[in-house]
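Welcome, and please take a moment with the sequence and the model before reading on. The notes below go through strands, rings and a few individual residues.

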Amino acid sequence: QVQLVESGGGLVQPGGSLRLSCAASGSIFSINAMGWYRQAPGKSRELVATMASGDRTNYADSVKGRFTISRDNAKNTVYLQMNSLKPEDTAVYYCNADLVTTKRVRYAYWGQGTQVTVSS
């Protein structure tokens, strides 16, 4: 059993900042990558940022230079620092973890999602 618990969403004005957190817990043997995706109303879920082993990062073009992903491997936690937020960043943000369980099964887990709303 693996759980991903997200926190940090909310309402912020354009140009503001938010920091999302996602902690993975449970029957985890190792984590290959963690990241963030988002889904706006009427749109498909899209990649925002990921961080793999060796701190290799990948960002959507729309967030490069504004968002920063980081990980605390000791805590199995991933963060997303979001600066210079725009109304088009409004979405439900989902945490994702590509990991291997203690039963040596590799699987991708999702968090429950946290709402981010950018509006004046």
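## The sheet around β7 and β8

Strands β7 and β8 run antiparallel and are joined by 6 bridges. This is a predicted model, so please read each value below as computed from predicted coordinates. Within this pairing, S70 has Y79 in β8 as its bridge partner. Y79 also has a charged neighbour: the charged end of R19 sits over the Y79 ring, 4.1 Å from the ring centre.

Stepping back, the two strands belong to an open sheet of 4 strands, ordered β1-β3-β8-β7, with antiparallel pairing. At the edges stand β1 (2–7) and β7 (67–72); each has a single partner strand, so one side of each has no neighbour in the sheet. From one strand to the next, the twist averages 15°.

## The loop after β7

Between β7 and β8 there is a loop, and A74 has its place there. Is A74 buried or exposed? A74 is exposed, because its relative accessible area is 77% and the cut-off for exposed is over 50%. For a sense of distance, take A74 and Y59, which are 15 residues apart along the chain: their C-alpha atoms are separated by 23 Å.

## β4 and its two partners

Strand β4 is a good place to continue, since it pairs with β9 and with β5. With β9, β4 runs antiparallel over 10 bridges, and G35 has N96 in β9 as its bridge partner. With β5 (residues 46–52), the pairing is again in the antiparallel sense, over 6 bridges. Here W36 stands opposite A49 in β5.

β4 and β5 also form a hairpin, with 6 residues between the two strands. If you like to check backbone torsions, look at G42 in the turn, which has a positive phi of about 80°.

## Aromatic pairs

How many aromatic pairs does a search of the whole structure find? The search finds 2. One is Y37 with W110: the ring centres are 5.1 Å apart and the planes are at 70°, so this pair is edge-to-face. Y37 lies in strand β4 (residues 28–39) and W110 in strand β10 (residues 106–110), so the pair links distant parts of the chain, 73 residues apart. The other is Y107 with Y109, whose ring centres are 5.0 Å apart with planes at 70°, so it is edge-to-face as well.

Accessibility adds to the picture. W110 counts as partly exposed, at 39% relative accessibility, and Y107 also counts as partly exposed, at 49%. W110 has a charge over its ring too: the charged end of R45 sits there, 4.6 Å from the ring centre.

## D89, a buried charged residue

The last stop is D89, found in the loop between β8 (77–82) and β9 (91–101). Why does D89 count as buried? Its relative accessible area is 1%, and the cut-off for buried is under 20%, so D89 is buried.

What does the side chain of D89 join in a polar contact? The partner is the side chain of R66, at 2.7 Å. Leaving out residues up to four places away in sequence, D89 touches R38, R66, F67, S84, V116 and V118. R66 therefore appears both in the contact list of buried D89 and as its polar partner.

Terms used. Residues are numbered from 1 along each chain as its sequence is written. Side-chain values use heavy atoms; hydrogens and water are left out. Buried means under 20% relative accessible area, exposed over 50%, partly exposed in between (1.4 Å probe, protein chains only). A polar contact is a pair of N or O atoms within 3.5 Å; within protein, one must be able to donate a hydrogen and the other to accept it, and residues adjacent in sequence count only if both atoms are side-chain atoms. Contact means heavy atoms within 4.5 Å. Two strands pair if DSSP finds at least two bridges between them. Axes are lines fitted to C-alpha atoms, for helices over the stretch in contact, and angles run from 0 to 180 degrees between N-to-C directions. Rings of Phe, Tyr and Trp (its six-membered ring) pair if their centres lie within 6.5 Å; planes under 30 degrees apart count as stacked, over 60 as edge-to-face and the rest as tilted. A charge sits over a ring if NZ of Lys or CZ of Arg is within 6 Å of the ring centre and within 35 degrees of the ring normal.
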